Amino acid sequence: MKIIADENMPYVQELFGDLGTIETVNGRSLTAEMVKDADVLLVRSVTQVDASLLSKNSQLTFVGSATIGTDHIDTEYLAQRQISFSNAPGCNATAVGEFAFIAMLELANRFGTSLKDKVVGIVGAGNTGSAVARCLQAYGVEVLLHDPLIEKSDPRDFVSLDELITRANIISLHVPITKSGEYKTWYLFDESRLNSLNADTWLLNCCRGEVIDNRALISVKQQRADIKVVLDVWEGEPNPMCELIPYVEFATPHIAGYSLEGKARGTYMLYQKLVQVLGKLEEKEMMTLLPTFWTELLTLTKEPSEKALLQLCRFVYDLRDDDALFRATLLEDPSKKAPVNSSNNNGFDLMRKNHKHRREFSALTLATAGQSEVDWLLNLGYSGVGR
Ligand SMILES: NC(=O)C1=CN([C@@H]2O[C@H](COP(=O)(O)OP(=O)(O)OC[C@H]3O[C@@H](n4cnc5c(N)ncnc54)[C@H](O)[C@@H]3O)[C@@H](O)[C@H]2O)C=CC1
Ligand SMILES: O=C(O)C(=O)[C@H](O)COP(=O)(O)O
């Protein structure tokens, strides 16, 4: 069995090595010729899987995408050809949740205010949106949810988008990209909605770039310095509008979901699905793949202040590093805010390829010496001993 896999998918050899011969490829430049004799195709979000890519292949039985989003997959076409498909829903939700939470703490620190006093509006209350909400609620922050597609069947409280925009100090976007229908998300935040944001709103996008009209965001930011923006995803990836970068507080190349656990979970979920499709038994376990964190135990002597909490988060992931590298990679002279060039696609993809996967909060164990007042840190995701 020939398995073609994206080179940016960790643990493929460990998990799929016994099932067939593996060839790893650059997912962005995959062609019909390259996949013509594949039995299994394992991709990430940068590969369009459609009739054109599969036009020379008549033996493919399984396509797996180690991602939450499926906007790059023509699932109808795969179904027509009776090719099994699986993505990895929820695989990197914790990573995105922790990323957004850390970004909010960083913003609070930068602007000399407290995250705890804010109201956060989450647009899209599925896996990633709920993961952000869990972190915020663990810390005691008020959260508003907006999700018209699930509000009738979900016991949580929901608000309209207008109410969310009116009441929230921070808005975090967690919707799939959809181009049609009543609740389409393409340019959900267009110029008029961006202009309707309250003074001093913080806007975070960790889902898909085109949920915000990026050109409109530039013009709104030119008038509204009060709005603060965090972008992990960009319209037109891998060629973001470089002139937008200077208006963004924290800028990263679509790596909110890039925790080692999240990526491993993605590959592992595809392994589980393929084994099932092949009628075989699972013989591998995910946790045995992960290395231990460089330090496993941290002793807390008292409840951390917000600044100390940020330090604790930076211990696991320092967002400032990725932001600085992004600017250095995509802006020729970050101090002059000049773009390297308008189509710097290698820089964006190279940063993603070489990204040093961060760990999730759970990789770090906190010794809390029996203090129940720090239980919320365990709800935030850290592991704990001492109780
Ligand atoms: N930056 C990154 O690295 C990552 C980005 N993503 C992106 O985030 C998206 C969301 O991921 P999940 O939360 O796991 O997906 P999910 O499917 O669990 O949740 C998405 C939620 O958005 C809701 N929704 C759809 N249209 C909406 C609208 N117009 N207004 C409000 N809510 C709406 C859906 O009802 C659903 O509950 C993915 O589709 C993917 O595009 C996902 C993982 C990592
Ligand atoms: O899961 C998703 O959806 C994402 O956006 C992924 O985190 C993107 O990662 P790649 O598949 O592009 O490596």
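Start by selecting Val63: it stands opposite Phe85 in strand 5. Helices (H or I, at least four residues) and strands (E, at least two) are DSSP runs, numbered from the N terminus. This is a predicted model, where local features need pLDDT of at least 70, side-chain atom pairs count only at pLDDT 80 or more, and totals for chains, interfaces and linings use all residues. Residues are numbered from 1 along each chain as its sequence is written, chains are lettered from A and ligands numbered from 1 in the order in which they are written, and side-chain values use heavy atoms, with hydrogens and water left out.

**Stop 1: the sheet of 5 strands**

Stay with Val63 and Phe85, then show strand 4 (residues 62–65) with strand 5. The two run parallel and are joined by 3 bridges. Two strands pair if DSSP finds at least two bridges between them. Now widen the selection to the open sheet of 5 strands, in the order 2-1-3-4-5, with parallel pairing. Its edge strands are strand 2 (21–25) and strand 5 (84–86), each of which pairs on one side only. On average, neighbouring strands here are turned by 15° against each other, direction ignored.

Add helix 8 (residues 260–277), which packs on this sheet. Helix 8 touches strand 3 (40–43), strand 4 and strand 5; contact means heavy atoms within 4.5 Å. The direction of helix 8 makes about 165° with that of strand 4. Axes are lines fitted to C-alpha atoms, for helices over the stretch in contact, and angles run from 0 to 180 degrees between N-to-C directions.

**Stop 2: the sheet of 6 strands**

Select residues 110–256. The UniProt record, an unreviewed entry, annotates this range as "domain: D-isomer specific 2-hydroxyacid dehydrogenase NAD-binding". UniProt positions are given in the numbering used here, feature names are shortened, and annotations may be inferred rather than shown by experiment. Over residues 110–256 the chain is 24% helix and 16% strand, with the end C-alpha atoms 20 Å apart.

Next, show the open sheet of 6 strands, ordered 7-6-8-9-10-11 with parallel pairing. Strand 7 (142–146) and strand 11 (250–251) stand at the edges with a single partner strand each, so one side of each has no neighbour in the sheet. Zoom to strand 8 (residues 170–173) and strand 9 (residues 202–205): they run parallel, joined by 4 bridges. Pick Ile171; its bridge partner in strand 9 is Leu203.

Two loops deserve a click. In the loop between strand 8 and helix 6 (191–195), find Tyr187. Its phi is near 55°, a positive value in a residue other than glycine. In the loop between strand 10 and strand 11, find Pro238. A cis peptide bond joins Glu237 to Pro238, with omega about 10°.

**Stop 3: helix 3**

Select helix 3. It lies across strand 6 (119–123), strand 8, strand 9, strand 10 (228–231) and strand 11, running at about 150° to strand 9.

Add helix 4 (residues 127–139): its axis and that of helix 3 (residues 93–110) come within 7 Å and cross at roughly 50°. That angle makes helix 3 oblique to helix 4. Angles under 35 degrees count as roughly parallel, over 145 as roughly antiparallel, 65 to 115 as roughly perpendicular and the rest as oblique. On the helix 3 side, the contact includes Gly97, Phe101 and Met104; on the helix 4 side, Ala131, Cys135 and Tyr139 are among the residues.

Finish with helix 9 (residues 306–316). Helix 3 packs against helix 9 at an angle of about 135°, with axes 10 Å apart. This pair, too, is oblique. The contact includes Phe101, Leu105 and Glu106 of helix 3, with Leu309, Leu310 and Arg314 among those of helix 9.
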